[in-house]
Each structure stands twice: as C-alpha cells, then as structure tokens.
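Visitor: Hi! Could you pull up the structure so we can talk it through?
Guide: Sure, here it comes.

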Amino acid sequence: MNGKLSSIIIICLAMIVSCLFSPAATHAGVKTVNFALSGNPDTLDPHGTSGTLTFQTLKSVYDTLVEPDPTGKIVPALAEKWAVSEDGLTWTFTLRSGVLFHNGDPLTSKDVKATIERIQNKETGSPNANEFAPIVGIETPDDLTVILRLKAPSAPLLGTLASGWGAILPKSLIDSKHDFAQKPVGTGPFKLTEWIRDGKIVLEKNPDYWMKGLPRVDKVIMHIIPERAVQVQGLISGQIDISYIIDREDVPLLTSSPDVKIKKSLTSLIMVMAMNCSRPPLNDLRVRQAINYAIDKKKVLDVAYGGGEPIGTFMDYSNAYYRDFTNLYPYDPAKAKKLLAEAGVGKDTVLEMFLPQNYPPHVKAGEIYQDMLARVGLNVKIKLVDWSTWIGDVYRKARFDLTVIGHTGKLDPNGTLSNFGIKEKKYVRWDHPGAAALIAEAARTTGFENRKTLYDQALALMAKEVPFVFLGSSYRRVGIRKNISDFRMTPSLDTFDFRWTDIQ
Amino acid sequence: MIRVIPGDPALTVAGVDASESDIAAIRAKLGTDKPLAAQYGQWLLDVFRFDFGHSLTSGRPVTQLILERFPLTLSLAVLGIILSVLIAIPLGVISAVQRWSFWDYLGMLFSQAGMAIPSFWLGILLLLLLSIKYRVFPLFGSGSFSHLVLPSVSLGIARAAVLLRLTRASMIEELSREYIITARAKGLTERMVNYKHALKNALLPVITIAGIQLGYMLGGAIIIEQVFSLPGLGRLFLFAVYQRDFPLIQGGVVFVAFVFSFINFSVDLLYSLLNPRIRIT
C-alpha cells in the first residue's frame with residue numbers, strides 16, 4: 001500500500017516540478033509592452049461593429065485620413081492637408097505620399113474611395129454608415145487627391161473621418177473580399193500578427209510606418225484579462241506593464257508598489273440618470289426638477305464612479321463646447337419635497353429604475369439614487385437587466401421610468417447631441433422642437449464660434465428642462481509600470497495609442 | 001426559446017449611436033429580419049448537414065469557433081478529473097479500510113472542506129499564493145501545461161471531495177459483503193482482500209460518477225476560465241448569451257449535449273471491461 005501511495009505522490013510532484021521550467025523570458029533587445037485588455041473584441045472589422053474594444057485594438061493597426069491630437073483638435077494623418085470649399089459641399093484631401101499598407105500596397109486615393117464605398121454599402125452592415133450618408137460622390141483625379149462631394153454642408157463629417165470607423169483599408173483586399181474581421185491589414189504603426197480569442201492579441205512594429213522613428217517599441221502584447229484583480233496583481237508583479245481600468249479601491253495597493261505609477265485623467269463620459277419624459281409623473285417638469293434637487297451629485301460621483309467633475313448639461317466636462325450649468329439645480333432635498341407636493345406625487349407612485357447589470361458602477365449609482373429619492377418620498381423599484389435587454393428595451397423602445405448610464409464622448413458635438421428634442425428619436429422621449437432645430441442648424445454651420453453659440457442655447461435648454469439628472473464626467477485611472485513612458489489615450493475616442501510609448 | 005427573452009443581436013452589434021437604417025441593414029445581413037419559424041427551420045436543415053451557421057457577432061463558422069476552444073476546456077476537465085481521482089481513490093480507500101482512524105478523519109475533513117469551498121474562490125487563493133507570492137505559475141495566459149495546473153487543481157478539488165465520499169461509502173459496503181468473509185476465510189492477506197476483491201467492485205459506482213463529473217466539469221470550467229483568463233468554451237458561450245448570438249448558443253447546446261452523451265456512452269463501455277458480468281448486447 002505504501003508503495004502505491006508513494007508512487008502517486010512522486011507522479012504528482014513530478015508534474016508540479018515540470019511546470020517550473022515554463023515561464024517565458026523576453027528576448028533581449030526586443031522591446032515588448034505587455035498590455036492588459038479587459039475583454040475580447042467581437043470582430044476586427046472596423047466597419048462591422050460599434051464595440052469599443054475593436055477600435056481600441058485597431059487604433060494601432062489602421063490610420064484615418066485625419067485624427068485627433070492629444071488636445072482633441074483634429075490634425076492631418078493619412079491626409080497631409082485638406083480644404084473645404086466656400087459652400088461646404090466639396091472637400092479636397094491631399095494624401096501623404098509613400099505610405100504603405102502592411103501587405104506592401106502603396107496608399108492611393110483609390111483605397112480611400114473603396115473604403116468609403118465599403119462603409120456605405122448596405123451589405124457591409126456598418127453601424128456607422130449613416131455618418132457617411134452626406135457623401136454623395138467620391139472623385140480621384142490623381143493618386144494622391146480625393147474629392148468628397150456632399151449633398152449638404154456637414155460639420156460633423158470631419159470627426160467621423162477621424163474616428164476608428166473611418167479606418168482606411170487597401171482596395172486590392174476589399175475587392176478580393178479579404179476577411180478583415182480576422183486579419184486586419186492597414187497602414188498603422190503595428191501589424192497584427194496573432195490573435196488568440198479571449199487569450200491575447202500580438203502587435204508587431206511596422207518598420208515602414210509613415211511617422212519617422214515611430215513606433216518606439218517592437219511589440220505590444222495585449223493580454224485579454226477580464227478580472228480586474230488579476231490585472232492589478234500583474235501590474236505589481238511586472239507581468240503587465242499597463243492596465244487602463246484601475247478602480248479607486250485598487251489605488252492604495254498600487255501606489256504602495258515602488259514600480260507602479262497611476263495616471264489620473266478625466267474621461268469624456270457623460271454620466272447620467274435618464275428620465276422618461278413621456279411617462280407620468282416624469283412628464284411633469286416639476287417632478288424632474290425635484291429629482292434633480294434630491295440628488296447629491298458630488299456624492300454619487302465619488303462613491304459610485306470613483307470621483308470626477310460634476311456637469312449640469314449634456315456635454316462632457318473637458319469638451320470645448322462644455323458650459324457650466326451646475327448651479328441650476330443644487331442639492332436641496334427640502335425644495336425637492338416641496339415640488340413633489342405641488343405636483344401631487346407621493347409614496348403610492350412607483351418609479352421603475354432599470355440598471356445594466358454588466359456595469360457595476362451604474363448599478364451602485366442606481367442604488368444610491370434610489371436611497372436619495374426615498375428620502376424625499378419617492379418610491380423607486382430597481383430592476384437589473386443585461387446589456388442586450390438594456391439596449392433593446394430601455395434604449396431603443398424606451399420602456400423605463402429611470403435608468404442609469406454613461407454616454408461616451410464624441411469627437412464632434414453633433415454626435416453627442418443630434419436628435420435631442422425630437423421625442424421619438426431619443427430614449428428620454430424629450431419633446432422640444434426648439435432645441436432640436438438649434439442642434440440641426442449647428443450641424444450645418446461651420447466655424448467653432450458660430451456653432452458654439454447655437455450649442456450653448458441648446459445645452460441651456462437641456463439644462464433647464466432636465467430630461468436627465470446630469471451627474472458628471474468621471475476620472476479614468478491608468479496603472480503604468482514606472483519604466484514605461486508616453487502611453488497615450490486618444491481624447492473622446494478612448495483608444496490606445498502606443499506610437500510614442502517607450503521602455504527605459 | 002432563447003429568442004423570447006428580450007434583446008436583439010443586431011442592436012448589440014449596432015450599439016447606441018446607430019441610426020434606424022443602419023440597424024435594418026445589420027438585421028438583413030445577420031438574417032434576423034426573417035420570421036422566427038423560418039430562421040429555426042433553416043437552422044434545423046443546416047444542422048442535418050452539420051452546418052451550425054455563423055456567429056452573429058464575429059461572423060465566423062460556429063463549428064470552427066467551438067472546435068478552436070474545445071481542446072483547452074477538455075484538457076482542463078480531463079486534468080481536473082485525473083487529479084480528483086488521484087486524490088479521491090487512495091484517500092477514500094484508506095478512510096474505508098482504517099475507519100475512524102486519523103487518516104479517515106483527515107479524509108473526511110478534506111472532503112467536507114472541498115465540497116464547501118467554491119472552486120473560483122479556491123482558484124483566486126491559489127493564484128494569490130502560487131502566482132503572486134511565490135511565482136511558480138503564470139498569472140494569466142494560455143498555451144503551456146503550467147497554465148493549466150492551477151485551474152485544474154481548483155476544479156479537481158471539489159470533485160475529489162465528492163468522489164472521496166463515494167469511494168469510502170462504496171468500499172465500506174463492499175467490505176461488509178459475504179464474499180469478503182469468504183476471502184478472509186480462504187486465508188488471503190488483508191491486502192489481497194482489500195485491493196483485489198473489495199476495491200475492484202467498489203470502483204464501479206465511482207467510475208460512473210467520475211464520468212458524469214467530467215461532463216459537469218465542462219460547465220464548471222466557465223467560471224474558472226474567467227478567473228484564470230483562459231480562452232476556453234465557457235467564455236465563448238457566456239459572451240454568446242450576453243450578446244444574443246443565437247447560432248453560437250444553439251450550436252453550443254447541441255455540442256455540449258453531444259459531449260455529454262458521448263461521455264455517458266464511454267462510461268457504459270468501460271463498465272463491461274471492468275465487470276464482465278455486464279455485457280453490451
């Protein structure tokens with residue numbers, strides 16, 4: 001019996017010992033950044049999804065005609081320069097010469113034309129096709145000139161061309177129906193060489209990149225790690241160099257490590273509690289105002305979202321179009337009770353609050369809202385729903401009284417504000433033709449100052465009529481090993497930019 | 001059935017900013033604009049041709065997606081079951097032979113604890129201890145044997161606890177049978193009685209349960225894959241449900257059902273090898 005037992009023990013030990021030899025050492029001289037990605041992109045086709053993870057990955061593989069610089073200003077990228085005609089209907093882009101795709105094809109105006117046509121093609125099923133609808137004609141007089149003909153002036157188009165879904169693909173592969181969803185081929189700073197679904201994505205330096213001397217590292221490995229705790233531990237132990245989803249709770253642990261620094265910046269998120277303005281009693285302005293008075297916004301922002309800057313209207317705090325309306329509805333429970341009494345709303349009214357269960361911060365915020373509203377005598381019932389249900393029932397069909405969500409920022413304010421004020425177009429069902437007209441006019445107007453005057457008025461109307469409780473823009477915390485420099489995130493788009501990243 | 005629950009895959013693909021016309025185009029591309037009955041009929045027809053369709057979110061063949069992930073989950077489950085058998089059978093036998101001894105109490109304590117500890121929690125503890133404090137095993141990633149050790153240990157312990165109890169009970173039952181008395185009366189050594197006679201018969205129910213456990217372990221792998229960041233079947237199906245990727249969910253259900261029946265069938269075959277009295281006719 002002892003013989004048998006001990007042989008089993010020996011086998012077990014041998015198994016364990018054999019594992020000790022595996023940890024892979026990085027090759028000397030190859031600069032590799034180990035990055036923690038929180039989920040698996042569904043597809044790598046920039047024209048086939050709206051998923052943030054896809055664009056975050058593809059930012060390194062593709063380029064766009066223009067792109068936002070670190071301040072959010074739109075600057076040349078694949079297009080060296082561009083000009084818009086007096087009437088705003090003709091946009092002429094001059095492409096950079098000598099740009100190569102990863103498959104060796106040189107970039108020409110034909111590629112740009114084929115790409116835009118691919119997005120507009122119904123068979124592609126791009127969720128962003130509508131943003132390209134103003135383009136009615138594309139001309140390619142020579143290899144480096146692209147002329148876009150518009151049916152009406154469109155200020156937001158430049159933002160669209162700078163976004164991830166404006167990625168330029170090579171014509172030859174579009175024509176041969178290349179599987180872009182699996183094997184992206186672009187002009188970007190890195191080539192995608194390996195993708196193990198739910199495992200890792202390997203990006204290797206493109207030596208022919210058009211920005212001289214960039215990228216600075218040879219390799220970026222995106223490890224797909226869904227558990228935040230594992231990311232944090234990987235950062236401390238050095239198996240991970242960058243993690244972009246650090247929670248405030250993890251900060252003390254990370255700052256106590258000598259090798260890790262934390263970079264805090266403001267996100268372009270607009271955190272809100274949305275109210276369905278078509279349902280009683282929320283169709284009564286006094287009730288919406290009362291709810292706004294009842295919420296201690298700073299507190300919700302701190303407890304649920306790890307801090308941030310309060311906003312008083314539907315625009316992210318760091319946006320150039322932002323205006324401060326935060327003093328319109330300060331925290332004042334007594335006033336809230338008074339308004340509710342005037343509107344005749346009491347304990348017998350039940351409001352249903354739908355919370356997306358896949359976003360724990362929104363769920364936490366919802367619970368705090370519920371508690372604060374209970375204190376002024378409002379009866380709120382929480383319902384947890386999964387993301388598909390939220391998008392389908394709550395967002396598209398407006399089957400809710402209250403819901404908590406964060407809207408991602410957009411490069412152009414039209415992306416943030418379009419269709420607000422048109423009752424059936426937005427989930428808050430806010431009906432205000434005046435505001436809708438201002439927003440529509442701003443989309444046709446050129447020039448920052450001219451547009452800002454119009455958006456200011458629209459934002460003021462939203463701030464007063466409160467279809468939402470406007471909470472604020474939250475902070476983002478990125479944990480980085482101290483030997484890593486210059487990791488950037490694209491403003492508003494929240495994509496990762498490794499071009500300047502280096503290892504000391 | 002799953003289509004009755006709210007949620008539209010086209011909307012998940014489209015996100016919050018897409019316009020109505022974009023959504024219609026996506027629905028047409030995915031084929032979810034057709035009536036439900038037509039979609040199901042088409043799917044059934046395709047299944048008979050071993051075509052499970054394409055995933056709605058990634059556009060890739062369902063069969064390919066599943067087969068790509070299956071080896072990892074299978075090796076996790078098999079390693080887990082091997083480990084649990086290696087722990088459970090020796091401990092169970094000792095517990096039964098030396099009832100109420102120190103070893104018996106130790107075994108019982110282990111099985112009590114193993115059943116009570118959730119495997120994901122054990123997984124996190126193992127990660128903390130063996131990947132962070134002592135860096136014996138990698139914290140994340142996949143591809144080598146060392147990546148599989150901790151997850152299969154965390155899966156195996158809970159299963160070992162169940163198997164240990166079963167082995168002990170089954171062994172005790174066999175030891176009280178009359179043929180054991182005969183064996184002893186023949187003058188066989190205690191060793192021969194325990195291992196040659198009792199154990200062989202006691203193992204039969206243990207193998208049945210171990211086989212079924214293997215099936216369940218494929219399910220248990222879902223949570224473990226999440227903890228250990230492993231690209232296995234569990235995560236594939238979990239996200240398929242989140243994103244209402246119907247062809248992938250349906251393909252997954254059929255596949256898991258197939259694996260389950262295959263395991264059960266193999267266990268039945270194994271029976272006849274171990275016990276000649278059971279013949280497959």
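Visitor: How many bridges join β1(A) to strand β11 of chain A, and do they run parallel or antiparallel?
Guide: Two bridges join them, and the strands run parallel. Keep in mind that this is a predicted model. In that pairing, Ala36(A) sits opposite Ser243(A) of β11(A).

Visitor: And which way does β1(A) pair with strand β10 of chain A?
Guide: That pairing is parallel too, with six bridges between β1(A) and β10(A), residues 219-224. Asn34(A), for one, faces Ile221(A) in β10(A).

Visitor: Why is β1(A) largely enclosed by the rest of the structure?
Guide: Because five of its six residues, in the run 32-37, are buried.

Visitor: Switching topic: how many residues does each chain bring to the contact?
Guide: Chain A brings 45 residues and chain B brings 44. On chain A's side, the elements giving two or more residues are α1, β10, α6 and α12.

Visitor: Which of those gives the most?
Guide: α12(A), with eight residues. By class, chain A's side has 18 nonpolar, 17 polar and 10 charged residues.

Visitor: Where is confidence lowest in chain A, and where is it highest?
Guide: The lowest is α1(A), with a mean pLDDT of 47, while strand β13 of chain A, residues 270-275, is the highest at 94. Over residues 12-27 of chain A the pLDDT is below 50, and that stretch has 10 contacts in the model beyond near neighbours in sequence.

Visitor: What about the mean for chain A?
Guide: The mean pLDDT is 88, and 94% of the residues of chain A reach 70 or more.

Methods
Residues are numbered from 1 along each chain as its sequence is written. Chains are lettered from A and ligands numbered from 1 in the order in which they are written. This is a predicted model: local features need pLDDT of at least 70, side-chain atom pairs count only at pLDDT 80 or more; totals for chains, interfaces and linings use all residues. A residue is buried if 20 or more other C-beta atoms lie within 10 Å of its own, exposed if 12 or fewer, and partly exposed in between; C-beta atoms are placed from the backbone. Helices (H or I, at least four residues) and strands (E, at least two) are DSSP runs, numbered from the N terminus. Two strands pair if DSSP finds at least two bridges between them. Two residues are in contact if their C-beta atoms, placed from the backbone, lie within 7 Å. Ala, Val, Leu, Ile, Met, Phe, Trp, Tyr, Cys and Pro count as nonpolar, Asp, Glu, Lys and Arg as charged, and the others, Gly among them, as polar. pLDDT is the predictor's confidence in each residue, from 0 to 100.
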